[in-house]
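Visitor: I'm new to this structure and would love a close look at a single part of it. Could you pick a spot and walk me through what surrounds it?

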Amino acid sequence: MSFPLRVLVCDDELMARKRVLRLLSELPDIEAAIECESGDEVLAKLKTEDVDIAILDINMPGKTGLE
């Protein structure tokens, strides 16, 4: 028995986030539960949410996905 992976998706572009979430929804055992639009929002979410995987845009205003 496997448990679904909790995935955080962060991109400053709404359409890019939606596309990644749609692609993830087609995969088994993926729970794409958390959506963010900035690096600061990711850091705030990670204080209260447990995630297994984070998919981050590396080129965003403010904090980048690499920071």
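**A close look at R17**

Guide: Let's begin with a pair of side chains: R17 and E35 are joined by a polar contact of 3.0 Å. Keep in mind as you look around that this is a predicted model.

So where does R17 sit? You'll find R17 in helix α1, which covers residues 14-25. R17 has a relative accessible area of 6%, and because anything under 20% counts as buried, R17 is a buried residue. Its partner E35 has a relative accessible area of 29%, so E35 falls in the partly exposed group.

The R17 and E35 pair is also a salt bridge, with 3.0 Å between the closest N and O atoms. Since R17 belongs to helix α1 and E35 to strand β2, the bridge ties together parts that lie 18 residues apart in sequence.

Now look at who else touches R17. If you skip the neighbours within four places in sequence, R17 is in contact with V9, C10, D11 and D12, and also with E35, C36 and E37.

E35 has another charged partner as well. The side chains of E35 and K18 meet in a salt bridge, at 3.5 Å from N to O. K18 is in helix α1 while E35 is in strand β2, so this pair ties together parts 17 residues apart in sequence. K18 itself is partly exposed, at 40% relative accessible area.

Two of the residues that R17 touches, C10 and C36, lead us somewhere else. C10 and C36 are members of the largest nonpolar core, a group of six residues that also includes L8, I34, V42 and M60. Strands β1 (5-10) and β2 (30-36) are the elements that give two or more residues to this core. Take L8, one of the core residues: beyond its neighbours within four places in sequence, L8 is in contact with ten residues' worth of company, including I34, C36, V42, L46 and I55.

I55 takes us out to the surface. I55 lies in strand β3, residues 53-56, and counts as partly exposed at 32% relative accessibility. Together with L5 and I53, I55 forms a nonpolar patch on the surface, and the three share about 190 Å² of accessible area.

Let's finish with the wider set of charged pairs. Across the whole structure, a search finds five salt bridges. One of them joins the side chains of E31 and R6, at 3.0 Å from N to O. That pair links distant parts of the chain, with E31 in strand β2 and R6 in strand β1, 25 residues apart. Both ends are partly exposed: E31 has a relative accessible area of 31%, and R6 has 22%. R6 and E31 also belong to a network of salt bridges that takes in E49.

To come back to where we started: R17 is buried, sits in helix α1 and forms a salt bridge with E35.

Technical notes:
Residues numbered from 1 in each chain as written. Predicted model: local features only at pLDDT ≥ 70, side-chain atom pairs only at ≥ 80, totals over all residues. Heavy atoms only, no water. Helix = DSSP H or I, 4+ residues; strand = E, 2+ residues; numbered from the N terminus. Buried < 20%, exposed > 50% of the residue type's maximum accessible area, 1.4 Å probe, protein only. Polar contact = N/O pair within 3.5 Å; in protein donor to acceptor, adjacent residues only side chain to side chain. Contact = heavy atoms within 4.5 Å. Core = buried A, V, L, I, M, F, W, Y, C linked by side-chain atoms within 4.5 Å. Patch = residues over 30% accessible without salt bridge, like charges linked within 9 Å, V, L, I, M, F, W, Y side chains within 5 Å. Areas by Shrake-Rupley, 256 points an atom, 1.4 Å probe, with all protein chains shown as cover. Salt bridge = Lys/Arg side-chain N within 4 Å of Asp/Glu carboxyl O.
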